[in-house]
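Trainee: I am new to this structure and would like a close look at a single part of it, the aromatic rings. Could you walk me through them and then show me how they sit within the rest of the chain?

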Amino acid sequence: MENLIFSLNATIPVFLLMALGYIFKKLGLFGDTLAAEMNTFVFRIALPVLVFSDLASVDFAQAWDTKFVLFCFCVTLFSIGAAAGLSFLWRDRSIQGEFIQAAYRSSAALLGIAFITNIYGNSGMAPLMIIGSVPLYNIMAVVVLSFFQPDRRGLDGAVVKKTLRGIVTNPIILGIAAGLLWSALRLPMPTILQKTVSSLGSIASPMGLMAMGATFDLKKAFGKLAPSVTAAVIKLVGFCALFLPLAVWLGFRNEQLVAILVMLGSATTVSSFVMARSMGHEGVLSSSAVMLTTLFSAFTLTFWLWLLRSMGFI
């Protein structure tokens, strides 16, 4: 019971903030424009500041973990390959690209940092997990959605170049790089700057989660139900069951294991819908997968966290 309460205390506040965003939208306090602007602010300012703050205050050698980063990268690459193989089970080839992306692409930055911060009080190993997985998420999303376009036009060099440029200038990646550089150079953090950065970073999780809740649409979850449910099961259960035992066997514990859990089993990122639509896909499967994984990850993440806690790994 103690372990279950620990797990619920870690997960329920995260999803209550999302529920509040949904309720505020229904009450007319949040509009579509405000939710979009909140998402933009969190992505471009608050989250980068948060990861910078957490990394700038620790020793560089202590923060970097090559084994952990390589594990995140390799597991992400394998997950993409597995999702691509499973996509051929569907007769409707037009949904392959969306299915693959929905099955592997986690909301690792927003939900991951919120989840780990709720447990440990800081972003922990989330920034290094992001380094190992998020750039690969974005690169492969372009490849997958271009190669499996409904009209099969293949890869567009201009689109690939634009996306690679976007990865290099990604605000979260820039925040991580700045934090690691600040730590490596052992630069001092004046109290005024430290308090300002801390205050700005602290609003990232609550604002981002409420904005995500405000964009939730239950009706969309019923579009293309079978492939959406399959992608959701793979996302929330399949990869966790496959790779968490491997992570434990390799010796990952505590913050590392929680970061890996978030990478494997958190909800499909909202940006997967935006990217699918912008690259010529219908987007219904993507939006359905986002809704389903967001809804049910409250239960599955609690279960995985309870299991790891009960077995003494976190």
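Mentor: Happy to. Let us begin with a definition: a charge sits over a ring if NZ of Lys or CZ of Arg is within 6 Å of the ring centre and within 35 degrees of the ring normal. In this predicted model, K67 meets that description, since K67 lies over the face of F252 at 5.2 Å from the ring centre. The ring of F252 also has aromatic company: F68, F71 and F252 form one aromatic cluster.

Now for the other rings. A pair of aromatic rings is described by the distance of the centres and the angle of the planes. Rings pair here if their centres lie within 6.5 Å, and planes over 60 degrees apart count as edge-to-face. By this rule there are twelve aromatic pairs. One of them joins F88 and F148: the ring centres are 6.2 Å apart and the planes stand at 75°, so this pair is edge-to-face. The two partners come from distant parts of the chain, 60 residues apart. F88 is in the loop between α4 (66–86) and α5 (96–104), while F148 is in the loop between α7 and α8 (157–168). F148 also pairs with F147, with centres 5.0 Å apart and planes at 85°, so that pair is edge-to-face too.

How covered are the two partners from the distant loops? Residues under 20% relative accessible area count as buried, those over 50% as exposed, and those in between as partly exposed. F148 has a relative accessible area of 8%, so F148 is buried. F88, at 47% relative accessibility, is partly exposed.

Let us step from that loop into helix α7 (residues 126–147), where V134 lies. V134 has 13% relative accessibility, so V134 counts as buried. Leaving aside neighbours within four places in sequence, V134 is in contact with A108 and M129. There is also a link across the sequence to look at: V134 and C72 are 62 residues apart along the chain, and their C-alpha atoms are separated by 9.5 Å.

Another buried spot is T300, in helix α15 (residues 284–310). The relative accessible area of T300 is 16%, so T300 falls in the buried class. Not counting residues up to four places away in sequence, T300 touches L236 and V237.

With those places in mind, look at the chain as a whole. The protein chain has 15 helices and zero strands. Of its 314 residues, 50% are buried. Among contacts with a separation of 6 or more, 85% are between residues 24 or more positions apart. The accessible surface of the chain comes to about 14300 Å², and 69% of that belongs to carbon and sulfur atoms.

The surface has some details of its own. L20, I23, L27 and L29 make a nonpolar surface patch of about 390 Å². Within that group, L27 is in the loop between α1 (2–26) and α2 (32–56). L27 has a relative accessible area of 61%, so L27 is exposed.

The structure also holds one salt bridge. The side chains of K25 and D32 form this bridge, at 2.8 Å from N to O. K25, with a relative accessible area of 27%, is partly exposed. D32 has 57% relative accessibility and therefore counts as exposed.

Finally, a word on the backbone. Most residues other than glycine have a negative phi. R186 is not a glycine, yet R186 has a positive phi of about 55°. R186 is found in the loop between α9 (171–184) and α10 (191–202). With a relative accessible area of 64%, R186 is exposed. N254 is not a glycine either, and N254 has a positive phi of about 50°. N254 lies in helix α13 (residues 254–265). At a relative accessible area of 41%, N254 is partly exposed.

To return to your request, start with K67 over the face of F252, and then follow the edge-to-face pair of F88 and F148.

Key
Residues numbered from 1 in each chain as written. Predicted model: local features only at pLDDT ≥ 70, side-chain atom pairs only at ≥ 80, totals over all residues. Heavy atoms only, no water. Patch = residues over 30% accessible without salt bridge, like charges linked within 9 Å, V, L, I, M, F, W, Y side chains within 5 Å. Areas by Shrake-Rupley, 256 points an atom, 1.4 Å probe, with all protein chains shown as cover. Salt bridge = Lys/Arg side-chain N within 4 Å of Asp/Glu carboxyl O. Helix = DSSP H or I, 4+ residues; strand = E, 2+ residues; numbered from the N terminus. Buried < 20%, exposed > 50% of the residue type's maximum accessible area, 1.4 Å probe, protein only. Contact = heavy atoms within 4.5 Å. Phe/Tyr/Trp six-rings, centres within 6.5 Å; stacked < 30°, edge-to-face > 60°.
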